[in-house]
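Trainee: I would like to take a close look at a single part of this protein. Could you walk me through it slowly?

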Amino acid sequence: MSYQVENVLRAQTELGECPLWDTQQQVLWFVDILAPALHRFDPSSGEHQVWPVAEDIGCIGLREEGGLIAALRSGVCFLDEQGKIVRRIAENPGEAARSRFNDGRVDPFGRFWCGSLWEPQDRNGGKLCRVDENLRLTVQAEDVKISNGLAFSPDRRWMYHTDTPNGLMYRYPLDAAGEPGKRQVVRHFIQQQGGLPDGAAVDSEGFYWSAMFDGQRVIRLDPTSGDIVDEIPLPVRWPTMVAFGGSDLKTLYITSSRENRTAEELAQYPQSGDLFAVRVSVAGLPEPRFIHQ
């Protein structure tokens, strides 16, 4: 089908990431990882609020008790809705000087997942971590360079995960308690053929929507076969993540990056770092909230 992509916010983020729709407030939260800030956008009024955060902020999740849970460079914290740290939960299990948290979200069981990346990029030094309701952080997977694309199937049977620079999309079977089994490769992407998989979300039909970094598009995949069934061309080359929002969860929001771009590249793609929205025919899923015991 044909899509109409709208630039809904001239955010000009350095590295916009982790868009998150709040169904209670009907607003979109997102972060700028590298110019560390928490953003709140109300599409009904156009109000855009920005709160600086003390350090690099990779991903966020909504909390059942209010406020947010967030993975900062140094570790996982509770934040209030103005980005202030109200409680430190766990330390970064990697080397914080060379490894920061990146993509993540709350799973359907109410736990917070957060992946990290290895900044020197000379080995697969990233980790995939989980914070349970007792606030204990455990490393669930390793052997990734940049952890990304975390999402969960509507039936709670599968977890999806990508390693961006290695061009790999994985899936993990989940048991009834949400514990992951052995990971399986779903698809191996080649950058020259349309970008690499970055942040993602799953729709109500179970299909996986991925922002293709350096690919100027968002794709919709069958998460079993890895086949691409649809795509949305974008006016920016470096989209970073997607989220379903709006009252019917049929508005796909897309964050983007301008990190390390040359003046020539930004002249060619001046909307880099902005927030985009596009109407789609299939609704997404409401984001779960972190449950603290």
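Which residues point one way from strand 12 and which the other way, and are they buried or exposed?

Mentor: Happy to! Keep in mind that this is a predicted model. Let us begin with a general idea: in a regular strand the side chains alternate between the two faces of the sheet. Now look along strand 12, which covers residues 126-131. G126, L128 and R130 point one way, while K127, C129 and V131 point the other way. As for your second point, these residues are all buried. Put as a count, six of the six residues of strand 12 are buried, so the strand is described as mostly covered. Here, buried means under 20% relative accessible area.

Next, the neighbours. Strands of a sheet pair through backbone hydrogen bonds, either parallel or antiparallel. Strand 12 has an antiparallel partner in strand 11 (residues 112-118), and four bridges join the two. To find this pairing on your screen, look for F112, which stands opposite V131 of strand 12. Strand 12 also pairs with strand 13 (residues 137-144), again in the antiparallel sense, over five bridges. Here a good marker is L128, with A141 of strand 13 standing opposite. Strand 12 and strand 13 form a hairpin with five residues between the strands. In this hairpin, L135 takes a positive phi near 70°.

For contrast, turn to another sheet. It is an open sheet of four strands in the order 2-3-4-5, with antiparallel pairing. Strand 2 (16-22) and strand 5 (47-52) stand at its edges, each with a single partner strand, so one side of each has no neighbour in the sheet. On average, neighbouring strands here are turned by 20° against each other, direction ignored. Strand 5 pairs with strand 4 (residues 37-42) in the antiparallel sense over six bridges. In that pairing, A37 has P52 of strand 5 as its bridge partner.

Finally, let us see where space is left open. The largest pocket holds about 360 Å³ of space. Its lining has 19 residues, and L15, R100, I146, F213 and E259 are the ones nearest its centre. By type, the lining divides into seven nonpolar, six polar and six charged residues. The second largest pocket has a volume of about 260 Å³. Its lining is made up of 13 nonpolar, one polar and four charged residues. Strand 22 gives the most to this lining, with three residues.

Methods. Residues are numbered from 1 along each chain as its sequence is written. This is a predicted model: local features need pLDDT of at least 70, side-chain atom pairs count only at pLDDT 80 or more; totals for chains, interfaces and linings use all residues. Side-chain values use heavy atoms; hydrogens and water are left out. On a 1 Å grid over the protein atoms alone, a cavity is a set of points where a 1.4 Å probe fits but cannot get out, and a pocket is an open set with protein on both sides within 12 Å along at least five of seven lines; lining residues have an atom within 4 Å of a point. Grid points are joined across faces, edges and corners, and a volume is the space filled by probe spheres set on the points. Ala, Val, Leu, Ile, Met, Phe, Trp, Tyr, Cys and Pro count as nonpolar, Asp, Glu, Lys and Arg as charged, and the others, Gly among them, as polar. Two strands pair if DSSP finds at least two bridges between them. Axes are lines fitted to C-alpha atoms, for helices over the stretch in contact, and angles run from 0 to 180 degrees between N-to-C directions. Buried means under 20% relative accessible area, exposed over 50%, partly exposed in between (1.4 Å probe, protein chains only).
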